[in-house]
Amino acid sequence: ITKTVPCNGYEKKHARVGGETLDGMVTAHIANVEAGGTIKLTKSNFSGSMLPLYKGSTVIVPTVAGYAPGSKTKVKGRLHLLVVEKTKDEVTLQALNGPAETEGVVGETLDTMGCPAIPANTRILCGSTILSESQMNVPPENYQPRSEEVYLQKRAFSIIFTEEFEKIKKKAPHTVADMKEDALTKFLLRQERSYLYGTKLKFLMETKDGAQEYAYSAEGIINQLTNSYGIGDTYTFSDLIAIAKLMFTDFAESDEMYLFCGKNAIERLMKIELPKGRDVMFTTVKQFDITFNQFKCSYGTLNFVWDSTLDFMDLEDCMIGADFKGARHYVKEKAKEKTNDLSKDAYDPRLAKRYMHWEADCVALRGYNSILVGPEDKISTMGTSGIANNIISLSKLPETPREGMIVSLTADYIDVANDNKKYEKENLYIYKGGKWEIFSGQLVA
């Protein structure tokens with residue numbers, strides 16, 4: 001499924017995601033300013049990259065109201081800002097639709113408007129640039145992929161057969177080809193297990209003749225996953241929608257994901273009750289010579305398939321999902337083979353031959369939209385190093401939540417103690433600052 005990228009060495013710089021994201025978070029309250037005033041974003045009150053906030057760029061604040069032209073009180077649209085100055089550590093902005101200096105007077109400069117306050121934990125979005133009539137030049141877009149170093153692991157197997165065995169192959173119940181096929185099957189099974197659970201490590205290994213050489217262990221897919229979704233024994237349609245919403249919104253690079261499932265997980269998936277108005281839950285499609293159960297919704301397409309390898313690795317209740325089509329399969333050596341005549345071996349001459357097969361590769365995920373789905377008590381103790389967001393599937397919000405807790409609601413919930421506030425199913429909520437709010441998909445912009 002993954003895209004193969006040839007490599008020359010065992011160490012490779014991998015672009016986990018593309019350039020800078022076009023949003024950020026105001027982390028401290030910014031007070032309102034009167035007409036002619038400006039607001040400033042610095043490292044002390046803003047989380048995210050400042051590189052996209054160059055002079056002439058606009059900024060949209062989707063949760064703060066803007067004002068109608070020439071009005072101090074009438075709101076219209078969302079707050080719209082313009083970057084008027086930019087230094088290495090500071091961005092200066094003025095409002096495009098702030099409160100007017102004088103009621104009923106529409107000014108021709110930004111100095112005739114103020115800017116309303118922007119609360120802490122407010123998300124901001126970078127918009128298009130604004131140029132004057134003759135202006136053409138703007139600062140270049142920054143492209144510095146957030147990269148990480150990956151290691152390519154050299155893997156091999158060998159078999160030994162005698163010359164006598166080759167001569168009597170017509171009388172033997174199996175042949176050298178059968179031996180190779182059996183060894184290759186075991187090699188591929190070992191490889192798939194390492195693709196999942198491998199540990200990233202570079203270390204010195206001593207060879208047979210006493211020399212020391214570097215050896216590389218490639219990081220497994222499970223340690224590269226960025227989200228976990230704790231779920232019980234019964235899956236619901238709301239769980240599917242929540243997973244799709246998490247996978248395909250906020251920085252997703254694709255509208256199609258592939259989820260490999262253990263035997264119990266795929267069984268529970270097939271038992272999901274159809275909601276009213278939907279005749280079919282899954283359709284069968286074939287891609288890459290694999291038959292998937294495909295689920296489509298407004299957010300994107302999820303492709304599920306049973307993977308027996310998960311059953312042997314204590315993951316029969318789990319699903320592993322990512323944009324595997326967008327992942328990278330780095331390859332230094334692909335299915336190389338050689339047969340040596342052991343009678344010419346200086347250390348241990350034998351009347352036999354050794355067949356050797358070796359490869360050197362690794363699989364590296366891209367983006368932050370990948371997921372581990374399974375029982376909460378299991379996936380929470382797996383120690384997956386890449387998990388940034390731990391999500392629990394519940395039918396109601398817990399009474400004693402912890403700070404930063406993320407819940408996927410499978411049913412509408414009315415909080416009686418909080419003025420009967422309604423929280424809708426199929427949404428993700430995060431507990432921050434003593435209250436529940438919609439989870440956008442990333443903890444840090």
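Buried means under 20% relative accessible area, exposed means over 50%, and partly exposed lies in between, with a 1.4 Å probe and protein chains only. The model is predicted: local features need pLDDT of at least 70, side-chain atom pairs count only at pLDDT 80 or more, and totals for chains, interfaces and linings use all residues. Residues are numbered from 1 along each chain as its sequence is written, and side-chain values use heavy atoms, with hydrogens and water left out.

**Stop 1: Ala 335**

Select Ala 335, which sits in strand β20 (residues 328-341); helices (H or I, at least four residues) and strands (E, at least two) are DSSP runs, numbered from the N terminus. With a relative accessible area of 39%, Ala 335 is partly exposed. Its phi is positive, about 45°, although Ala 335 is not a glycine. Most residues other than glycine have a negative phi.

**Stop 2: Asp 289**

Go next to the loop between β16 and β17, where Asp 289 is found. This residue also has a positive phi, near 65°. Asp 289 is exposed, at a relative accessible area of 72%.

**Stop 3: the open sheet**

Now show the strands in the order β16-β17-β18-β15-β19-β22-β14-β23-β24-β27-β28: these 11 form an open sheet with mixed pairing. Two strands pair if DSSP finds at least two bridges between them. β16 (283-287) and β28 (435-438) are at the edges with a single partner strand each, so one side of each has no neighbour in the sheet. On average, neighbouring strands are turned by 30° against each other, direction ignored. Axes here are lines fitted to C-alpha atoms, for helices over the stretch in contact, and angles run from 0 to 180 degrees between N-to-C directions.

Within the sheet, select β15 (residues 256-261) and β19 (residues 319-322), which pair in the antiparallel sense over 4 bridges. Cys 261 has Met 319 in β19 as its bridge partner.

**Stop 4: the helices on the sheet**

Add helix α4 (residues 263-270), which packs on the sheet and touches β15, β17, β18 and β19; its direction makes about 130° with that of β18. Contact means heavy atoms within 4.5 Å. Which residues of α4 are buried? They are Ala 265, Ile 266, Arg 268 and Leu 269. Seen down the axis of α4, these fall within an arc of 160°, so they line one face of the helix; the arc is that of the directions from the helix axis to the C-beta atoms. They pack against α3, β15, β17, β18 and β19.

Then select helix α3 (residues 237-248), which runs at about 115° to β18 and lies across several strands, including β14 (227-230), β22 (371-374) and β27 (428-432).

**Stop 5: the nonpolar core**

A nonpolar core is a set of buried Ala, Val, Leu, Ile, Met, Phe, Trp, Tyr and Cys residues joined through side-chain atoms within 4.5 Å. The largest one has 32 residues, and Phe 295, Leu 302 and Phe 304 have the most contacts inside it. Two or more residues come from each of α3, β15, α4, β18, β22 and β27. Helix α3 gives the most, with 9 residues. Centre on Phe 295: leaving out residues up to four places away in sequence, its contacts include Phe 237, Leu 240, Ile 241 and Arg 278.

**Stop 6: strand β8**

Finally, select β8 (residues 90-95): 5 of its 6 residues are buried, so the strand is largely enclosed by the rest of the structure. β4 (residues 39-42) pairs with β8 in the antiparallel sense over 4 bridges, and Lys 40 has Thr 92 as its bridge partner. β7 (residues 75-86) runs antiparallel to β8 and is joined to it by 5 bridges. Val 83 stands opposite Leu 93.
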